[in-house]
Amino acid sequence: MKIAAVSMTYNDGYKLKEWKEHYQTYKEQIDIFVIVDNGSKQKYLRELKKAFPKAVIIERKTNGGCTAAYNDGIRYVLKHTDAKAIAIVGNDIKVTENCLPAMYEYLFQDEKLGIVSTAVLNIDSDVIDNYGHKVKNFKALCCNQGESIKNVRPMQKYTELVSGGFTMAKREFYVKAGLQDEALFMYCDEIDTMFKAKMHGYKLGVIADEYAWHWHINSPATGRRSSASRYLISRNRVYLAKKYMGFFTVFRQVFRGAIISPAAFLLRFIRERDRCNLKDAKYSAIGAVHGVIGKMYTNRYTRF
């Protein structure tokens, strides 16, 4: 068993304390830890190197989002190590004490599997956020949401999609199926991975005997998810529909991003009088348009 873990970061000083604490749980479960920095300020880079002195830290000059950063880490592992499994571990993920070895055992006991994850729980609770997903019209529907992890069965199962922020793949999966689509920048990479797995004959799986918690630590400057996420999700769904599906699926994603989602944000604004909802509505609509015309490069709407 030889596991490489890859994380990415960008000026994440506000979550560094929790990240270091969570790392203590899985540092003995991995053989190499690669952190890819997306062009952070020098002050934060110094803090990062001090926090993780044994990690391989790759310093990008520009912010390539999650996809480009994770790809840099995966490429390093493929070129410089003989790790059999590559785990993507988000820097706000906390795991149980035998989580990564259990994922590894499950991954390699079934030759059909290419990439796996675990049940993901709400922050420091036994309540499931997702234990695998079903995908309908490019929307991931969480399985077993709201249930207690103590009651869930079976302990292992195939799934249509695995959460992008916490996965483990066989080395060969990235060699054969390819790396992440860097045009996405962030969000919806799970859907792209799902299609690539199917195209190359791989199954996806999840386990529940070991699991993780996703802390979702937002910047204290905003205390909420950035409107850039609304832009990227809307844009990327249209882009992936064009990439893998036909006209009617593309049309549904454009209608959803440009009409349905903005309408929902506008109704929320009426109820809450929070002007951030107006920005969310605008960004969602613009994202759908950019997805149609193929405007997939970073711009002012992708700034977090």
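What follows is a walk through the aromatic pairs, one helix and the salt bridges of this predicted model.

Start with the rings. Searching the whole structure turns up 17 aromatic pairs. One of them joins Y23 and F52 in an edge-to-face arrangement, with 5.2 Å from centre to centre and 85° between the planes. This pair ties together distant parts of the chain: Y23 belongs to helix α1 (residues 16-26), while F52 sits in the loop between α2 (42-51) and β3 (56-59), 29 residues apart. Y23 counts as buried because its relative accessibility is 13%, and the cut-off for buried is under 20%. F52 is buried too, with a relative accessible area of 2%. Y23 and F52 also belong to a wider group, since W19, Y23, Y26, F33 and F52 form one aromatic cluster.

Another pair, Y231 with Y301, is stacked: the centres are 5.4 Å apart and the planes make an angle of 25°. Here again distant parts of the chain are linked, with Y231 in helix α7 (residues 227-244) and Y301 in the segment after α9 (276-293), 70 residues apart. Y231 is buried at 0% relative accessibility, and Y301 is buried at 10%.

Rings also turn up beneath charges. The charged end of K170 sits over the ring of F108, 5.6 Å from the ring centre. Likewise, K203 places its charged end over the ring of Y158, and there the distance to the centre is 5.4 Å.

Next comes helix α8, residues 247-272. Its 26 residues, at 1.5 Å a residue, should span 38 Å, and the end C-alpha atoms lie 36 Å apart, so the two values agree. The helix does have a kink of about 40°, centred on R256. R256 is also among the buried residues of α8, a set that runs T249, V250, Q253, R256, G257, P262, F265 and F269. The buried residues of α8 pack against β9 (139-142), α7 and α9. Just after the helix comes R273, with a positive phi near 60°.

That leaves the salt bridges. Side chains of opposite charge can pair when their charged atoms come close. The structure holds 13 salt bridges. In one of them, the side chains of D126 and K150 meet at 3.9 Å, N to O. D126 lies in the loop between β6 (113-121) and β7 (128-130), and K150 in the loop between β9 and β10 (156-159), so the pair links distant parts of the chain, 24 residues apart. D126 is partly exposed at 29% relative accessible area, whereas K150 is exposed at 63%.

D192 and K196 form a salt bridge as well, with their closest N and O atoms 3.7 Å apart. Both residues are in helix α6 (residues 189-199), and because they are 4 residues apart, about one helical turn separates D192 from K196. An α-helix has 3.6 residues a turn, so residues three or four places apart point the same way. Both D192 and K196 are buried.

A further salt bridge joins R230 and D280, where the closest N and O atoms are 3.7 Å apart. This one runs between helices, with R230 in α7 and D280 in α9, 50 residues apart. D280 is buried, at 0% relative accessible area. Finally, a network of salt bridges links R60, D72, R75 and E182.

Notes
Residues are numbered from 1 along each chain as its sequence is written. This is a predicted model: local features need pLDDT of at least 70, side-chain atom pairs count only at pLDDT 80 or more; totals for chains, interfaces and linings use all residues. Side-chain values use heavy atoms; hydrogens and water are left out. Rings of Phe, Tyr and Trp (its six-membered ring) pair if their centres lie within 6.5 Å; planes under 30 degrees apart count as stacked, over 60 as edge-to-face and the rest as tilted. Helices (H or I, at least four residues) and strands (E, at least two) are DSSP runs, numbered from the N terminus. Buried means under 20% relative accessible area, exposed over 50%, partly exposed in between (1.4 Å probe, protein chains only). A charge sits over a ring if NZ of Lys or CZ of Arg is within 6 Å of the ring centre and within 35 degrees of the ring normal. The expected span of a helix is 1.5 Å times one less than its number of residues. The bend at a residue is the angle between axes fitted to the seven residues ending there and the seven starting there. Contact means heavy atoms within 4.5 Å. A salt bridge is a side-chain nitrogen of Lys or Arg within 4 Å of a carboxyl oxygen of Asp or Glu.
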